[in-house]
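Trainee: I'd like a close look at one part of this model, the hairpins and the aromatic rings that go with them. Take me through it slowly, please.

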Amino acid sequence: MVTIGNAHDDLIHDAVLDYYGKRLATCSSDKTIKIFDIEGENHKLTETLIGHEGPVWQVAWAHPKFGAILASCSYDGKALIWKEQPETRQWSIIAEHKVHQASVNSVSWAPHELGAVLLCTSSDGKVSVVDFNDDGTTSHIAFDAHAIGVNSASWCPIIKDNIRQFATCGSDNLTRIWKWDPKDNKYVEEATLEGHSDWVRDVAWSPSVFVKSYIATASQDRTVLIWTKEGTSGKWEKQLLTTEKFPDVCWRCSWSLSGNILAVSGGDNKVSLWKESLQGKWESAGEVDQ
C-alpha cells in the first residue's frame with residue numbers, strides 16, 4: 001500500500017490513478033493539483049499544477065488514447081484541461097471551460113468510444129458537456145439539470161450504438177438520467193429517480209454491462225441506494241444498500257472496474273466495500289480504515 005504524507009497544505013478532495021495505475025493525481029483546498037509517479041510501494045512527486053483560484057474538488061484522467069490529459073474543477077467556477085508534452089514532460093493548460101456561474105463540482109470523461117468529451121456539473125444548477133474536436137476546437141452544450149445545484153454525474157457505459165447517456169444528482173434530493181436526442185440536438189431527461197430525503201452527493205453508474213444496469217447514489221441522508229434496470233426498456237427499481245443508516249453523511253460511491261464491488265466513503269473517514277449476493281442482497285465485503 002502506498003501512503004503519501006504531507007502532499008498538500010490543506011484538505012485533499014480527490015485522488016485518482018491513471019489508466020495504467022502508474023500515476024496519481026491529487027487535488028486540494030490549497031488550490032493545487034499534484035502528480036505523482038507510483039512504482040510499487042514508492043512514489044515521487046513530479047509536478048505541481050497551479051491555475052485554479054479556489055479549492056480544487058475533483059480531477060479526472062482522460063483515456064490514454066488522447067495522451068496524458070487531466071481535467072480539474074474548482075470552486076472558482078472553472079474546469080481546466082491540462083496536458084503533458086511527452087518530450088519535455090512539462091504540463092500546461094490547453095483549455096479553460098468557463099461557462100458556469102458558480103462552483104464546478106465534478107468533471108468526468110465520457111467512454112473513449114465517444115471521443116474526448118467532458119461532463120461538468122455545477123452549483124449553478126447546470127450541466128455542461130464539452131466536445132474536444134480533432135482540429136483543436138471545442139464546442140459545448142449547457143442545460144438546467146437540478147434546480148439548486150448539481151453535485152456529481154456519471155456516464156453510462158457504452159451498451160449499443162455509442163449513445164450518449166449519463167446520470168446526474170443534485171441538492172434537490174434527486175437523481176436524473178439524461179440521453180442525447182440527435183433529432184432535437186439536445187439532452188433530454190429519460191428518468192427521475194426519487195428516494196433520498198436530503199442532498200444526493202454522488203452518483204456512480206456501474207461500468208460493467210450486465211443483464212441489468214446498476215447505479216449507486218450516496219446521500220446526505222446517510223443512505224446509499226442501488227438502482228437497477230432490466231435491459232434497455234425496463235423501469236428503474238431502488239433498493240437500500242443497508243437497512244440501517246450509515247454513521248455519518250455518505251459522500252462518495254465508486255464501483256470496481258469489474259462492476260461487482262461498490263466502495264462507499266463517508267463523513268466518518270471510513271471506506272466500506274459492498275458486494276451483491278446470489279440472492280440479490282448487498283453484503284459487506286470489508287472496510288478500509290486508514
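Mentor: One bit of vocabulary first: two strands count as paired if DSSP finds at least two bridges between them. Keep in mind, too, that this is a predicted model.

Start with E15 (residues 174-181) and E16 (residues 186-194), which run antiparallel and are joined by 8 bridges. At the turn end, Asp181 sits across from Lys186 in E16. The hairpin has 4 residues between its strands, and Asn185 there adopts a positive phi near 60°.

Now bring in the rings. Phe143, Trp155, Phe166, Trp178, Trp180 and Tyr187 make up one aromatic cluster. By residue number, Trp178 and Trp180 fall within E15, while Tyr187 falls within E16, so this hairpin feeds both of its strands into the cluster. If you want to follow side chains along a strand, remember that in a regular strand they alternate between the two faces of the sheet.

There's a second hairpin to set beside that one. E21 (residues 250-255) pairs with E22 (residues 261-266), again in the antiparallel sense, over 5 bridges. Here Arg252 stands opposite Ser265 in E22. This hairpin has 5 residues between the strands, and Gly259 is the one with a positive phi, near 80°.

Back to the aromatics: searching the whole structure turns up 14 aromatic pairs. In one of them, the ring centres of Trp205 and Trp236 are 5.7 Å apart and the planes sit at 85°, so you'd call it edge-to-face. That pair links distant parts of the chain, with Trp205 in strand E17 (residues 200-205) and Trp236 in the loop between E19 (224-230) and E20 (237-240), 31 residues apart. Both of these tryptophans, Trp205 and Trp236, are buried.

Phe246 and Trp274 make another pair, with centres 6.1 Å apart and planes at 75°, so this one is edge-to-face as well. Phe246 lies in the loop between E20 and E21, and Trp274 in strand E23 (residues 271-276), so the contact ties together parts 28 residues apart in sequence. Phe246 and Trp274 are both buried.

Last, the record. An unreviewed UniProt entry lists "repeat: WD" for residues 49-83 and 193-227. In the model, residues 49-83 are 0% helix and 54% strand, with end C-alpha atoms 11 Å apart. For residues 193-227, the span is 0% helix and 57% strand, and its end C-alpha atoms lie 8 Å apart.

How values were computed. Residues are numbered from 1 along each chain as its sequence is written. This is a predicted model: local features need pLDDT of at least 70, side-chain atom pairs count only at pLDDT 80 or more; totals for chains, interfaces and linings use all residues. Side-chain values use heavy atoms; hydrogens and water are left out. Helices (H or I, at least four residues) and strands (E, at least two) are DSSP runs, numbered from the N terminus. UniProt positions are given in the numbering used here, feature names are shortened, and annotations may be inferred rather than shown by experiment. Rings of Phe, Tyr and Trp (its six-membered ring) pair if their centres lie within 6.5 Å; planes under 30 degrees apart count as stacked, over 60 as edge-to-face and the rest as tilted. Buried means under 20% relative accessible area, exposed over 50%, partly exposed in between (1.4 Å probe, protein chains only).
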